[in-house]
Amino acid sequence: MRTTFLGIFSLFTLLVHAQIVSKEIQSKHPTQVYFETTRAQVYRSLLPNENFLLVPLGQRGHEVPMYAWSHQFGIQAGLSKHFLIESGLSWMQNGEAYSWKALDSDSSYSYQTRYRYLALPIQLKYSIGNKISFNVAAGLIPALYLSYRQDQQWTNPLGAKYDDQIKVNNTMNSFTLSWTCAAGFEIPMNPTLRLRLGLQFRQQLNNSYDPYQDYIHKSMAFCYNLGLSKKI
């Protein structure tokens, strides 16, 4: 999977290099570099793994969405008057949360789980507009697993507070693949700098966990994107 990931990145690098040096391609969209930060409402689908014993979801069936940040930088190259290709490197987070509180005491228990990835989002974009431009995009997000973190908080029946953090999870799949779609605006701030605003949805296609675990877990996220791009 790592070879596939590096191969996709190398292919995109060659495409961008050809775009920059070619004098035959004329586009109203100059090559740009960008940085973007994402505030996402992240969640998951979770099903028993039918290849093994059907283990009930139990407590995990009551998990809820949570918010997480992701960040990416990359390059955008025009292919024609309206079509562009965009890719970059992303520090991406997925996750879910859980919260429980007893009705007859001060007992409570909650956690927030985050899965962190090094991702290579690749999108084909369609853009219209000269000054303020509107664009829609679709693509794929291959990602390599980086780390896991679960922050836990609980109280006992008397209200005493405790917390813990778990950073080890040996059940994770090292590679995930998601599809994504997006829409947004680019607003000029000066002749070379543009503000990027957008909405994005992403849905994981394969299991976050390895094939021998009890559940099939696929992350999803609804994202608010904010960034800057600069002509080069």
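The legends below describe close-up views of a predicted model.

**View 1. The largest nonpolar core of the predicted model.** Twelve residues build this core: L46, M92, Y115, Y117, A119, I141, A143, Y145, Y148, M172, Y209 and Y215. Strands β4 (108–119) and β6 (133–155) each contribute at least two of its residues. The greatest contribution is that of β6, which provides 4 residues. A further core lies apart from this one and comprises 7 residues, including V42, M66, A221 and C223.

**View 2. Surroundings of Y148, a member of the largest nonpolar core.** When neighbours within four places in sequence are left aside, Y148 is in contact with T113, R114 and Y115, and also with I166, K167, V168 and N169. Of these partners, Y115 is likewise listed in the largest nonpolar core.

**View 3. The stacked aromatic pair Y98 and Y111.** The geometry of two aromatic rings is given by the distance of their centres and the angle of their planes. The count of aromatic pairs in the model comes to 10. For Y98 and Y111, the ring centres are 5.4 Å apart and the planes meet at 25°, so the pair is classed as stacked, because planes under 30 degrees apart fall into that class. Y98 belongs to strand β3 (residues 83–101) and Y111 to strand β4, so the pair ties together parts that are 13 residues apart in sequence. Both tyrosines, Y98 and Y111, are buried. Together with Y109, Y98 and Y111 form one aromatic cluster.

**View 4. A nonpolar patch on the surface.** The patch is formed by L79, F83, L124, Y126, I128, I132, F134, V136, F185, L197 and L226, whose accessible area together is about 930 Å². Strands β5 (122–128) and β6 each supply at least two of the patch residues. The largest share, 3 residues, comes from β5.

**View 5. Residues S127 and I128 in strand β5.** Is S127 buried or exposed? With a relative accessibility of 4%, S127 counts as buried, because the limit for a buried residue is under 20%. I128, also found in strand β5, has a relative accessibility of 37% and therefore counts as partly exposed. I128 is one of the residues of the nonpolar patch on the surface. Leaving aside neighbours within four places in sequence, S127 is in contact with H29, H82, L84, S133, F134 and N135. Among these partners, F134 is listed in the nonpolar patch.

Note on methods. Residues numbered from 1 in each chain as written. Predicted model: local features only at pLDDT ≥ 70, side-chain atom pairs only at ≥ 80, totals over all residues. Heavy atoms only, no water. Core = buried A, V, L, I, M, F, W, Y, C linked by side-chain atoms within 4.5 Å. Buried < 20%, exposed > 50% of the residue type's maximum accessible area, 1.4 Å probe, protein only. Contact = heavy atoms within 4.5 Å. Patch = residues over 30% accessible without salt bridge, like charges linked within 9 Å, V, L, I, M, F, W, Y side chains within 5 Å. Areas by Shrake-Rupley, 256 points an atom, 1.4 Å probe, with all protein chains shown as cover. Salt bridge = Lys/Arg side-chain N within 4 Å of Asp/Glu carboxyl O. Phe/Tyr/Trp six-rings, centres within 6.5 Å; stacked < 30°, edge-to-face > 60°.
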